[in-house]
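Please look through the structure below with some patience, following one helix to its neighbours and then moving outward to the loops and the core. The text takes these parts in turn, and it helps to find each residue in the picture as it is named.

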Amino acid sequence: MKTMEEQIQSFGVVPVVVLYDAEDAMPLAKALVEGGLPCAEVTFRTEVAEESIRRMSEGYPEMLVGAGTVLTTEQVDRAVGAGAKFIVSPGFDPEIVDYCLKKEIPIFPGCITPSEVAQAVKRGLKVVKFFPAEQFGGVETIKALAAPYTVMKFMPTGGVNAKNLKDYLSCDKIIACGGSWMVKGDLIKSGRFDQIKKLTEEAVSLAKAVRS
């Protein structure tokens, strides 16, 4: 049985999804699964996040569905209750991290400074989110942070796209990249799920090419 980190690393890319209509959850999940990427981080930025996670998890049980932009322990409970398998927070919130660890829920908190990474190491975490990645120095900053904290690996999100994915995934301290370029809001809103499937297939091919 693969650990959560191993599953995410096997994907290489985690689609970061923002949904405004729960009716889009199933066709989006279908496009991701058929595109070879049965994984999604559904952000709690909208009212329909909880219901979208529920529909994806129930409709496609083979998918690894997580909740992103989680800001409170109440959202943790709602996300997990809906079927989320992991939690992602934009920053390092000790209350949320400790709450998830106590309940044995996989948590990837955002860390961009040595102090934040130190707090993650102290709690036994092996992987943290690095957000917003491009704005805080990208791969070079991750390498610098990883130097003293050798046990830590990173999942950069924010500004990652098809053009710079190779740079990120070439770094052995990065298990996967979060990105929204294959699940852009305008594509979802206009129902262009065939295009989403195509972009997903391209992302999967790119990730495999880098790591082969």
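In this predicted model, the axes of helices H4 and H5 come within 9 Å and cross at roughly 40 degrees, and the two helices are therefore oblique to each other. The crossing of H4 and H5 is right-handed. On the side of H4 the contact involves Thr73, Val76 and Asp77, which meet Glu95, Ile96, Tyr99 and Cys100 in H5; these residues divide into four nonpolar, one polar and two charged.

H4, which covers residues 73-82, also packs against helix H3, made of residues 49-59, at an angle of about 25 degrees and with the axes 8 Å apart. Angles under 35 degrees count as roughly parallel, and that makes H3 roughly parallel to H4. H3 passes H4 in a right-handed crossing. Here Glu50, Ile53, Arg54 and Ser57 of H3 meet Arg78, Ala79, Gly81 and Ala82 of H4, and the residues of this contact divide into three nonpolar, two polar and three charged.

With both of these contacts in view, one can ask which residues of H4 are buried. They are Thr73, Gln75, Val76, Ala79 and Ala82. A general rule about helices is useful when looking at such a list: an α-helix has 3.6 residues a turn, so residues three or four places apart point the same way. What covers the buried residues of H4 includes H3 and helix H5 (94-102), and also strand E3 (64-68) and strand E4 (87-89). Just after H4, the chain reaches glycine 83, which takes a positive phi of about 120 degrees.

From H3 the path leads on to another helix, H2, which is made of residues 25-34 and packs with H3 at an angle of about 50 degrees, with the axes 9 Å apart. H2 and H3 are therefore oblique to each other, and H2 passes H3 in a right-handed crossing. The contact is made by Ala25, Met26, Leu28 and Ala29 of H2 together with Ser52, Arg55, Met56 and Gly59 of H3, and these residues divide into five nonpolar, two polar and one charged.

One member of this contact deserves a separate look, namely serine 52, whose place is in helix H3. Is serine 52 buried or exposed? Serine 52 is buried, because its relative accessible area is 0%. Not counting residues up to four places away in sequence, serine 52 touches Leu19, Ala22, Ala25 and Val42.

The loops hold some further backbone details. In the loop between E3 and H4 lies threonine 69, which has a positive phi of about 50 degrees although it is not a glycine. Threonine 69 counts as buried, because its relative accessibility is 16%. In the loop between H5 and strand E5 (107-109) lies glutamate 104, and its phi, near 60 degrees, is again a positive value in a residue other than glycine. Glutamate 104, however, counts as exposed, because its relative accessibility is 72%. In the loop between strand E6 (127-130) and helix H7 (138-146) one finds proline 132, which is joined to phenylalanine 131 by a cis peptide bond with an omega of about -10 degrees.

The next topic is the nonpolar core. The largest nonpolar core has 77 residues, and those with the most contacts inside it are Ile8, Leu28, Ile53, Met56, Ile87 and Phe154. Helix H10, made of residues 193-211, gives the most to this core, with six residues. Among the contacts of phenylalanine 154, leaving aside its neighbours within four places in sequence, are Val117, Val127, Val128, Phe130, Ile142 and Leu145, and the list also includes Lys173, Ile174 and Ile175.

The last stop is glycine 179, which is found in strand E8, residues 177-179. Glycine 179 is buried, with a relative accessible area of 4%. Which residues is glycine 179 in contact with, leaving aside its neighbours within four places in sequence? They are Val14, Pro15, Val16 and Val160. For one of these, valine 16, the separation along the chain from glycine 179 is 163 residues, while their C-alpha atoms are separated by 5.3 Å.

Notes. Residues numbered from 1 in each chain as written. Predicted model: local features only at pLDDT ≥ 70, side-chain atom pairs only at ≥ 80, totals over all residues. Heavy atoms only, no water. Axes fitted to C-alpha atoms, helices over the stretch in contact; angles between N-to-C directions. Helix = DSSP H or I, 4+ residues; strand = E, 2+ residues; numbered from the N terminus. Parallel < 35°, antiparallel > 145°, perpendicular 65-115°, else oblique. Left-handed = near helix turned anticlockwise from the far one by under 90°. Contact = heavy atoms within 4.5 Å. Nonpolar A, V, L, I, M, F, W, Y, C, P; charged D, E, K, R; others polar. Buried < 20%, exposed > 50% of the residue type's maximum accessible area, 1.4 Å probe, protein only. Core = buried A, V, L, I, M, F, W, Y, C linked by side-chain atoms within 4.5 Å.
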